[in-house]
Each structure stands twice: as C-alpha cells, then as structure tokens.
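The following note is offered to a colleague who is meeting this structure for the first time. Please read the numbered points alongside the model.

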Amino acid sequence: MALCVAIALLGGLALGQEVSDRLLQLAPKSEPGVKLVVRGTVRDEGGKPVPGAVLRVFQTDARGWYTPTKVMDEPNARLQGYVRTGADGRYEVRTIRPGGYPHAPNARKSERIPAHIHFEVRAEGFALRRLQLVFDDDPRMTPYWREWAKKDRNPIAKVERGYGGKRSCKCEIVLARAR
Ligand SMILES: [Fe+2]
C-alpha cells in the first residue's frame, strides 16, 4: 500500500499525517470483531468521480469504545485513518463492524445510538462533507434513527456476505461545490 504525507493543501489535515492511496487498512488484522470492507466512490453533484478527495475515517471498536479507556473519545479514536480517492474517485476501507455505544439498561430507544462509522471528506473546490455510515441490519435502527439518517443524509448501508462469508458494504459519497 502506497503511503504519502498529507500536504496542507486540504484544510483540516494534521501535517505529517499519513494518507493511504485508495486502500485504507483501518483496523489491524488482529482487531477483534467482524471484518468488514467498505467501498465507495466520491462524486460531484453531477455524478462525476472526484479524484484526490481525502477521507478521514474513524469509528469505535467492537465494544463500542473509541479508545481502550474512554468510551466517547471521538477526537482520539484508536481506529482512525486517512485515504485518498483514486483517479476514478474510488476508495476502500478494510475494518471491522463498529459496536454501538454502551447505554444504560433502561435507556429509551432514541438514546440507543446506532453503530456507525464517521467520514469527513475533503476535496479541493468542494465543501467539507461529514457523514455517519449506519447499518440497515442494526437492531438500533428504529424508525426514529432511520428518520435521523434520512434528514442528515447519513447513508444506511446494507451489509452483504460474499465468497467465504466476507462482509462488505457500500458508502457512496456526493460532494457539493464550495461557494
Ligand atoms: Fe461517533
């Protein structure tokens, strides 16, 4: 996997942060959990692929924790990385299915936040796009959360099982031009 150093061209990247080209191994192969491959294409509003877009991807572990000691420490998520789209706008992230945040046993359904993977997508000439990928088969995806996903344009992924039971899903991303 080719790695290069992010340049300050795209705001929001830490200088010296490694950015994978097209393929990001987000979770180490030894990471506990169900392995999952997320694939997609970044496009403009006219459907044209956007090459060179940089995606920051971060998520919880299989228990629903962002770090081994702090459950909600999103900014310092252990499972996080950067990937740049190829000439065809495509990218691939190899990871595990995230766990949903732990909640109190008596929490209301609206307080049981679905498992999700965060994406922050930057490309020159486009507005920053933040989204949370959620999963259609997650028992926490109640009508309340489906409505939330629709309203905030958060994709609801259908996880498919391929050859050998390998799980994959799609996360197609559309960027609006910067104004
Ligand atoms: Fe989160």
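1. Strand S4 and strand S12 (residues 167–170) run parallel and are joined by four bridges. Strands here are DSSP runs of E with at least two residues, helices are runs of H or I with at least four, and both are numbered from the N terminus. Two strands are taken as paired if DSSP finds at least two bridges between them. Within this pairing, arginine 39 has lysine 170 of S12 as its bridge partner.

2. Two remarks on the basis of this note are in order. The model is predicted, so local features need pLDDT of at least 70 and side-chain atom pairs count only at pLDDT 80 or more, while totals for chains, interfaces and linings use all residues. Residue numbers start from 1 along each chain as its sequence is written.

3. S4 has further partners. S4 and S13 also run parallel, with three bridges between them; here arginine 43 stands opposite valine 174 in S13. S7, by contrast, runs antiparallel to S4 and is joined to S4 by seven bridges. In that pairing lysine 35 stands opposite isoleucine 96.

4. A second set of pairings involves S8 (residues 117–122). S5 (residues 54–59) is antiparallel to S8, and six bridges join the two strands; glutamine 59 faces isoleucine 117 across this pairing. S8 is also antiparallel to S9 (residues 129–135), through five bridges, and valine 121 has arginine 129 in S9 as its bridge partner.

5. What connects S8 and S9? The two strands form a hairpin with six residues between them, and glycine 125 in the turn has a positive phi of about 90°.

6. The largest nonpolar core has 36 residues, and those with the most contacts inside it are Val42, Ala53, Leu55, Val57, Val83 and Val121. At least two residues of this core come from each of S4 (35–44), S5, S6 (79–84), S7 (90–96), S8, S9, helix H1 (143–151) and S13 (173–175). S5 gives the most, with four residues. A nonpolar core is a set of buried Ala, Val, Leu, Ile, Met, Phe, Trp, Tyr and Cys residues joined through C-beta atoms within 7 Å. A residue is buried if 20 or more other C-beta atoms lie within 10 Å of its own, exposed if 12 or fewer, and partly exposed in between, with C-beta atoms placed from the backbone.

7. Which residues does alanine 53 contact, leaving aside its neighbours within four places in sequence? They are Val42, Arg84, Thr85, Val121, Arg122, Ala123 and Leu175, where contact requires C-beta atoms, placed from the backbone, within 7 Å.

8. Aspartate 21 lies in strand S2 (residues 18–21). This residue counts as partly exposed because it has 15 C-beta neighbours inside 10 Å. Aspartate 21 and tyrosine 82 are 61 residues apart in sequence, yet their C-alpha atoms are 8.8 Å apart in space.

9. For the chain as a whole, the secondary structure comes to one helix and 13 strands, in the order β-β-β-β-β-β-β-β-β-α-β-β-β-β from the N terminus. The radius of gyration is 16 Å, close to the 16 Å that the globule rule gives for 179 residues, so the chain is as compact as a globular protein of that length. The radius is taken over C-alpha atoms, and the rule is 2.2 Å times the number of residues to the power 0.38.

10. Buried residues make up 30% of the 179 residues. Of the contacts between residues at least 6 apart in sequence, 64% join residues at least 24 apart.

Methods: Contact = placed C-beta atoms within 7 Å.
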